[in-house]
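User: Hello! I am new to this structure and would like a close look at its largest pocket, along with enough of the surroundings to find my way. Could you walk me through it?

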Amino acid sequence: PTISPGLALAIVDEEQRFGVDQRETLARCAAHTIYMSATPIPRTLALGRSISNMSLEGEPKTGAVSTSPVLLGTLDVSVIESKPESARTVQTSIVDADRVEEVIGGVSRQISKGGKVFWILPLIGESEFASKNAKGGQSSSSDDSDELVSRTTNVIERHASLCRVLGDDRVGMIHGRMTMREREMQLNAFAKPTSGLDVMVGTTVLEVGIDIPNANILVVEGADRFGLSQLHQLRGRIGRAQKQDIGAETHSDDDLSKERQCLECHCILLSSIYKRNVDQRAKHGGSNIAMQRLDVLRKTNDGAKVALADFMLRGPGELLGLKQSGIKNGYTIDLDAHWGMIAAASQIGR
């Protein structure tokens, strides 16, 4: 980045989207640096004072800001525990991918009541899997990744299938191969309650910076192929409007406006490994990493707890290097066994 001489304060929003070098360049040139994120990366938690004394159960408390210790304590971290008063509750469910037709039926019922739906997939087209396979690339940390990728519908195919069921005029599409103008036109139409465009199929280009107040349903297909931070950020695209604001532009249809105000917000995580994991638990106990990630999303809407779970599942990364996750037990301590001791030692030391 271009740095102004004598920079007093640098604010890095969505810090999880930046690399170590990018953030350190700002930190060296600014007298003070603030990093902001709904889901801090594991390395940030390891460097800071944050959320080690939280459990993964329950929702954020009402309150302002709290601090508590993590691993090194070289960053002061403030956690905003209270939700905005206008925030609507989002219910999250894990659904087996074989039940996708039922989900499409539910989407149809929602848009008939005035709802708006985001449908997210990990791939744009079928050719992506072929090219990754040819290069020997690994696009997932889950078991049997090649099989899972080949069974995951892509954006283009899902858009076509939803158009057949719901109608061409009701389903839009957005992905990284489109021009900026094409994407803006699609999003502007989707944002209007009366446009008739009620379902937006896309990739993670919709992860941040998208504000569609009327959107109340998120479907993530192939959810086990996304990271915790991505899934939580995507879930933040729905439930953004106050109930009284929903339908504000639909005064000509009072009945539809009233129905829209009563719509609940749902996040549906479609996964091909869901049924397999249930069988595995019944036989052997335990759960694979991909299902553990999805379970975290199902249990909490709190970004701080999501970040803590990500930290525990992936490890803190390289504190003196560039890796921002991993190396879970590459230190003289064991994060799982010594977690309580780490928190206590950090608190006493401060």
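Analyst: Happy to. A word on classes comes first: Ala, Val, Leu, Ile, Met, Phe, Trp, Tyr, Cys and Pro count as nonpolar, Asp, Glu, Lys and Arg count as charged, and the others, Gly among them, count as polar. Sorted in this way, the lining of the largest pocket holds 18 nonpolar, 14 polar and 11 charged residues. Please keep in mind that this is a predicted model.

How much space lies in the largest pocket? The computed volume is about 1400 Å³. As for how such space is found, rolling a probe the size of a water molecule over the atoms shows where empty space is left. The pocket is lined by 43 residues, and those closest to its centre are Ser37, Ala38, Ile80, His232 and Gly303. Several elements of the fold contribute to this lining: the strands β2 (32-35), β5 (75-76) and β6 (79-80) and the helices α2 (42-47), α8 and α12 each supply at least two residues.

Helix α8 is a good place to look more closely. Ser229 sits in this helix and is buried, because its relative accessible area is 16%, below the 20% limit for that class. Beyond its neighbours within four places in sequence, Ser229 is in contact with Gln16 and Thr39.

Now for the surroundings, beginning with the chain as a whole. It has 13 helices and 12 strands. Of its 350 residues, 46% count as buried. Among contacts with a separation of 6 or more, 69% join residues that are 24 or more positions apart.

Helix α8 also leads us to the largest nonpolar core. This core has 33 residues, and Phe118, Leu206, Leu218, Val220, Leu231 and Leu269 are the ones that touch the most other members. At least two of its residues come from each of β7 (90-96), β8 (116-120), α7 (180-191), β11 (215-221), α8 (228-235), β12 (265-271), α11 (289-299) and α12 (303-314). The largest share, 5 residues, belongs to α11. Helices α8 and α12 therefore appear in two lists: each supplies at least two residues to the pocket lining, and each supplies at least two to this core, with the elements taken as DSSP runs.

What does Phe118 touch, leaving aside neighbours within four places in sequence? Its partners are Phe190, Met200, Leu206, Ile210, Ile212, Ala215, Ile217, Leu218, Val219, Arg237 and Ile238. Apart from this core lies another one of 20 residues, including Val100, Val155, Cys163 and Leu270.

Just before strand β8 comes another residue worth finding. Gly115 is in the loop between α3 (100-112) and β8. Is Gly115 buried or exposed? It counts as buried, because its relative accessibility is 0%. Not counting residues up to four places away in sequence, Gly115 touches Gln110, Asp198, Asn216 and Leu263. Its C-alpha atom is 8.7 Å from that of Pro193, a residue 78 positions away along the chain.

The start of the chain offers a few more landmarks. Leu9 lies in strand β1 and is partly exposed, with a relative accessible area of 43%. Setting aside neighbours within four places in sequence, Leu9 is in contact with Ala30, His32, Thr33 and Ile34. The C-alpha atoms of Leu9 and Cys29 are separated by 9.2 Å, with their positions 20 residues apart along the chain.

Further on, Glu14 is found in the loop between β1 (9-12) and α1 (20-29). Glu14 has a positive phi of about 50 degrees although it is not a glycine, and it is partly exposed, with a relative accessible area of 21%. Helix α1 holds Arg23, which is buried at a relative accessible area of 4%. The C-alpha atoms of Arg23 and Ile11, 12 residues apart along the chain, are separated by 9.8 Å.

Finally, here is how confident the predictor is. The chain averages a pLDDT of 75, and 65% of the residues score at least 70. Over residues 58-70 the pLDDT stays under 50, and the model has 53 contacts there beyond four places in sequence. Over residues 244-252 the pLDDT also stays under 50, and 16 such contacts appear in the model.

Note on methods: Residues are numbered from 1 along each chain as its sequence is written. This is a predicted model: local features need pLDDT of at least 70, side-chain atom pairs count only at pLDDT 80 or more; totals for chains, interfaces and linings use all residues. Side-chain values use heavy atoms; hydrogens and water are left out. A nonpolar core is a set of buried Ala, Val, Leu, Ile, Met, Phe, Trp, Tyr and Cys residues joined through side-chain atoms within 4.5 Å. Buried means under 20% relative accessible area, exposed over 50%, partly exposed in between (1.4 Å probe, protein chains only). Helices (H or I, at least four residues) and strands (E, at least two) are DSSP runs, numbered from the N terminus. Contact means heavy atoms within 4.5 Å. On a 1 Å grid over the protein atoms alone, a cavity is a set of points where a 1.4 Å probe fits but cannot get out, and a pocket is an open set with protein on both sides within 12 Å along at least five of seven lines; lining residues have an atom within 4 Å of a point. Grid points are joined across faces, edges and corners, and a volume is the space filled by probe spheres set on the points. pLDDT is the predictor's confidence in each residue, from 0 to 100.
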